[in-house]
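Hi,

Here is the structure I promised to pass along. Have a look at it first, and then read on for what turned up.

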Amino acid sequence: MTAELAAVRGQVEDRRRAQATDFDEYVVARYQQLVRMARLLTQDWALAEDLVQSALVKCWGAWGSIRSEDPTAYVRRTVLTTYFAWYCWRRSRPERLTSIDLERPAVDEYSVVENADLLDALRALPKRQCAVIVLRYFEDLTEAETAAALGCSVGTVKSQAHRALRRLQVALSAAGQADEEAGNR
């Protein structure tokens, strides 16, 4: 009986090591992409990294079953649900511990958007619309993939994208007019 128990324990440990190795490889391959998405959602580097790390911790416990499916879709969905939960929590507790933006490396692999007006316009969008824009146009997901990530219908993605693009267009044209007026002075 002891030999059988030792054999079973050995098999369990082998599976855990293989699962840990698989998870580590996945994180190394996808971490930058996940943080970029989270950065566009949160507008804050440190918060984006915390968001991704929290989501990855949640995914680790179910990695064996996640891995059999498409892990990126599952992890992306976990990042989004964690983001929405954080947003609700932060809205009820609006204080911030610091406003210092931590330094980034000289070569910024995360930089996606250099346009400050666009980042401000994204920040002003409702959170669900911001998520739709980030997934559809920055992560280049299809409407169906975006709907699956957000847990809504394709029609909702279409309508949210339409409304968000209209808001972005208004905000960016207003910012452009303000820049022109400032240049004429």
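Before anything else, a term you'll need: a nonpolar core here is a set of buried Ala, Val, Leu, Ile, Met, Phe, Trp, Tyr and Cys residues joined through side-chain atoms within 4.5 Å. Please also keep in mind that this is a predicted model.

With that term in hand, the largest nonpolar core comes to 43 residues, and Leu 41, Leu 56, Val 75 and Leu 80 have the most contacts inside it. H1, helix H2 (45–60), helix H3 (63–67), helix H4 (71–92), H5, H6, H7 and H8 each put at least two residues into this core. H1 gives the largest share, 10 residues. As background, nonpolar side chains tend to be buried together in soluble globular proteins. Leu 80 is a good place to zoom in: leaving out residues up to four places away in sequence, Leu 80 touches Leu 41, Ala 131, Leu 135, Ala 149 and Leu 150.

Now the overall picture. The chain has 8 helices and 0 strands, so if you read along the sequence the pattern is simply α-α-α-α-α-α-α-α. Of its 185 residues, 35% count as buried. The chain exposes about 11,600 Å², and carbon and sulfur atoms supply 53% of that. Among contacts with a separation of 6 or more, 68% are between residues 24 or more positions apart.

H2 deserves a closer look. Its 16 residues should span 22 Å at 1.5 Å a residue, and the end C-alpha atoms are 23 Å apart, which agrees. At the N-terminal end of H2, Asp 44 acts as a cap, with a side-chain oxygen 3.0 Å from the backbone nitrogen of Ala 46. The buried residues in H2 are Trp 45, Leu 47, Ala 48, Glu 49, Leu 51, Val 52, Ala 55, Leu 56 and Cys 59. You'll recognise Leu 56 from the core.

On to charges. How many salt bridges does the structure hold? There are 2 salt bridges. Side chains of opposite charge can pair when their charged atoms come close.

One of them joins the side chains of Arg 36 and Glu 139, at 2.9 Å from N to O. Arg 36 sits in helix H1 (residues 2–42) and Glu 139 in the loop between helix H6 (127–138) and helix H7 (143–150), so this pair ties together parts that are 103 residues apart in sequence. Arg 36 is partly exposed, with a relative accessible area of 23%, whereas Glu 139 counts as buried because its relative accessibility is 9%, and the limit for buried is under 20%.

The other salt bridge is between Asp 120 and Arg 123, whose closest N and O atoms are 2.8 Å apart. These two are 3 residues apart in helix H5 (residues 116–124), so about one helical turn separates them. An α-helix has 3.6 residues a turn, so residues three or four places apart point the same way. Asp 120 is partly exposed at 40% relative accessibility, and Arg 123 is partly exposed too, at 43%.

One last residue: is Gln 160 buried or exposed? At 15% relative accessibility, Gln 160 counts as buried. Gln 160 belongs to helix H8 (residues 154–184). Setting aside neighbours within four places in sequence, Gln 160 is in contact with Arg 128, Gln 129 and Val 132.

Cheers

Key
Residues numbered from 1 in each chain as written. Predicted model: local features only at pLDDT ≥ 70, side-chain atom pairs only at ≥ 80, totals over all residues. Heavy atoms only, no water. Helix = DSSP H or I, 4+ residues; strand = E, 2+ residues; numbered from the N terminus. Buried < 20%, exposed > 50% of the residue type's maximum accessible area, 1.4 Å probe, protein only. Contact = heavy atoms within 4.5 Å. Salt bridge = Lys/Arg side-chain N within 4 Å of Asp/Glu carboxyl O. Areas by Shrake-Rupley, 256 points an atom, 1.4 Å probe, with all protein chains shown as cover. Expected span 1.5 Å × (residues − 1). Polar contact = N/O pair within 3.5 Å; in protein donor to acceptor, adjacent residues only side chain to side chain.
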